[in-house]
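Let's take a walk through this model together, starting with a pocket and ending with the strands. Keep the structure open beside you as you read.

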Amino acid sequence: MTYYDLKEFIESQVPILNNEKPEVIKTMSVSGKNETRTSGDVDWKKELELFIQADINKPAYSKSYSISKPDSLTVLYTLKPGESLPVRYLKIEMDKTSGTPLMIKALLRSENKLYQSEKNIEMHGSVQDSQWHLNSYTIKGYQKLATMDKKSFDVIVRVQR
């Protein structure tokens, strides 16, 4: 494995979250219109799909990112100049005891002649009794079609325990 296996980590948490069924408070904003929902019935695989998409641990990507360590618990993967992959950067801060991520942050961008999209995603977790717990995540970004105005969106999710 060249990079941290984000896909494996997220997929390992999905059955735990499906089993625990924590209540979530989700606030969504699309072009300035807000809506808040509370639910205990969440399809976690679908809900965390963007974080799985932020996984860069693919053989074809093995030489596409530079790796830096701002400190002993943080790793930052940055897309090298000249590369055009959707994940522009991925930052992971680890728990010093368990080695599991406390914070995951990524920028996903895609564009062609007809479409532009950018998603800033961030997830926060904590470790209690050697068990990782999802605390919150956010998705902020925009979509723009060539024939339409840019639509910005924010999703903020808080997990209640």
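**Two pockets and a run of strands**

The lining of the second largest pocket is made up of 3 nonpolar, 2 polar and 5 charged residues. Bear in mind that this is a predicted model. The pocket itself has a volume of about 160 Å³, and strands E1 and E2 (33–39) are the elements that give two or more residues to its lining. If you would like to find it on screen, look for Val24, Lys26 and Met28, together with Arg37, Thr38, Ser39, Asp41, Val42, Asp43 and Glu47.

Now turn to the largest pocket, with a volume of about 280 Å³. Its lining has 16 residues, and those closest to the centre are Met28, Leu50, Ile139, Phe153 and Val155. Two or more lining residues come from each of the strands E1 (23–30), E8 and E9 (151–160). Which of the elements gives the most to this lining? That is E9, with 6 residues. By type, the lining residues are 8 nonpolar, 3 polar and 5 charged.

Strand E8 leads us on to the strand pairing. E8 (residues 131–145) pairs with E7 in the antiparallel sense, over 14 bridges. One place to see this is Lys119, whose bridge partner in E8 is Gly141. The two strands form a hairpin with 2 residues between them, and in the turn Asp129 has a positive phi of about 50 degrees.

On to E6 (residues 101–111), which pairs with E7 (residues 115–128), again in the antiparallel sense, over 9 bridges. Here Leu107 stands opposite Asn120 of E7, and a hairpin of 3 residues links E6 to E7.

Key. Residues are numbered from 1 along each chain as its sequence is written. This is a predicted model: local features need pLDDT of at least 70, side-chain atom pairs count only at pLDDT 80 or more; totals for chains, interfaces and linings use all residues. Side-chain values use heavy atoms; hydrogens and water are left out. Two strands pair if DSSP finds at least two bridges between them. Helices (H or I, at least four residues) and strands (E, at least two) are DSSP runs, numbered from the N terminus. On a 1 Å grid over the protein atoms alone, a cavity is a set of points where a 1.4 Å probe fits but cannot get out, and a pocket is an open set with protein on both sides within 12 Å along at least five of seven lines; lining residues have an atom within 4 Å of a point. Grid points are joined across faces, edges and corners, and a volume is the space filled by probe spheres set on the points. Ala, Val, Leu, Ile, Met, Phe, Trp, Tyr, Cys and Pro count as nonpolar, Asp, Glu, Lys and Arg as charged, and the others, Gly among them, as polar.
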